[in-house]
Amino acid sequence: VLLMPSSTFLSASAARYHAAAVDSEGNVYSWGVNTYNGVVTYTYRTYDDQLGLSASQGPFDCAEAGCLSPCPYIECNLPTTVGRLGLGTIFYLSHTPRRVMGITGFVTSVSCGISHCLALTREGKVWAWGDNSKGQLGNGLAVEVRHSPVPVSFTMANGGALARVVIIAIAAGADHSMALGSLGEIYVWGNNANGQIGDGIVRAP
């Protein structure tokens, strides 16, 4: 889906490199840059039997759905995608809103961090996608990047602290995340380098 068909929205959030919004039908859309540090250029070098390896060529701008795929040169330096758009591994950037697929439930709000996003459903469950290098997705896995939405750990099977909690609000920080429970409790997970977890309140899910 390239354009948001709805004219009314429930939630919107903007970060440095990307933005996301929820329409009145509970669908999430995102747009912006999907690479580390917002770099959307590539360089390459070729090889000649007589001249050897050439000097680096570029940088060249990437298109939305790729730079060179597959790169036909002997050495090609492509930008690294971080998954903050939640659109899978295809897009390096998107100039227009595209629908984020894979979330179960009616989404009511969204919040964007530097390289990750959170989405809250009407049922009180949280979904996340993007950079997970600091555990900011809260899915209990050590996978550093999720290009599509995954549920924040809310099942007892994987030890999720949100298993029996109804979440009513979410907030994504730079590389940590917060959720507010229906009983007024606060849950925080992700980077704690500057004390942003607040360990004396509630442990990370």
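The following paragraphs lead through a predicted model, from its first strands to its later sheet and its side-chain contacts.

The account begins with strand β1 (residues 9-14), which runs antiparallel to β2 and is joined to it by five bridges. Between β1 and β2 lie three residues, and the two strands form a hairpin. Within this pairing, A12 stands opposite A21 of β2. Strand β2 also pairs on to β3 (residues 28-33), again antiparallel and through five bridges. Here H18 has G32 in β3 as its bridge partner. The connection from β2 to β3 is a hairpin with four residues between the strands, and G26 in the turn has a positive phi of about 80°.

Strand β2 (residues 18-23) is mostly covered, with six of its six residues buried. In a regular strand, side chains alternate between the two faces of the sheet. In β2, H18, A20 and V22 point one way, while A19, A21 and D23 point the other way, and all are buried. The buried set thus includes the charged-type residue D23 alongside alanines and a valine.

Attention now turns to strand β4 and its aromatic side chains. The structure holds two aromatic pairs. In one of them, the ring centres of Y42 and F60 are 5.5 Å apart and the planes meet at 40°, so this pair is tilted. Because Y42 belongs to strand β4 and F60 to strand β7 (residues 57-61), the contact ties together parts 18 residues apart in sequence. Y42 is buried, at a relative accessible area of 9%, whereas F60 is partly exposed at 31% relative accessibility. In the other pair, the rings of Y44 and F60 have centres 5.6 Å apart and planes at 20°; since planes under 30 degrees apart count as stacked, this pair is stacked. It, too, ties strand β4 to strand β7, Y44 and F60 being in parts 16 residues apart in sequence. Y44 counts as buried, with a relative accessibility of 16%. Through these ring pairs, Y42, Y44 and F60 are linked into a cluster.

Strand β4 also takes part in a charged contact. How many salt bridges does a search of the whole structure find? The search finds one. R45 forms a salt bridge with E75, and the closest N and O atoms are 3.0 Å apart. This pair links distant parts of the chain, for R45 lies in strand β4 (residues 41-45) and E75 in strand β8 (residues 75-77), 30 residues apart. Both ends are partly exposed: R45 has a relative accessibility of 24%, and E75 has one of 29%.

Further along the chain, the charged end of R122 sits over the ring of F106, 4.0 Å from the ring centre.

An open sheet of four strands follows, in the order β10-β11-β12-β13 and with antiparallel pairing. Its edges are β10 (107-112) and β13 (145-151); each has a single partner strand, so one side of each is left without a neighbour in the sheet. From one strand to the next, the twist averages 10°. Edge strand β13 is joined to β12 (residues 126-131) by four bridges, and the two run antiparallel. In this pairing, W127 stands opposite P151 of β13.

The last stop is the loop between β13 and β14 (167-172), where V152 is placed. Is V152 buried or exposed? At 0% relative accessibility, V152 counts as buried. V152 and L162 are 10 residues apart in sequence, and their C-alpha atoms are 8.0 Å apart in space.

Key. Residues numbered from 1 in each chain as written. Predicted model: local features only at pLDDT ≥ 70, side-chain atom pairs only at ≥ 80, totals over all residues. Heavy atoms only, no water. Salt bridge = Lys/Arg side-chain N within 4 Å of Asp/Glu carboxyl O. Buried < 20%, exposed > 50% of the residue type's maximum accessible area, 1.4 Å probe, protein only. Pairing = 2+ DSSP bridges. Axes fitted to C-alpha atoms, helices over the stretch in contact; angles between N-to-C directions. Phe/Tyr/Trp six-rings, centres within 6.5 Å; stacked < 30°, edge-to-face > 60°. Lys NZ or Arg CZ within 6 Å of the ring centre and 35° of its normal.
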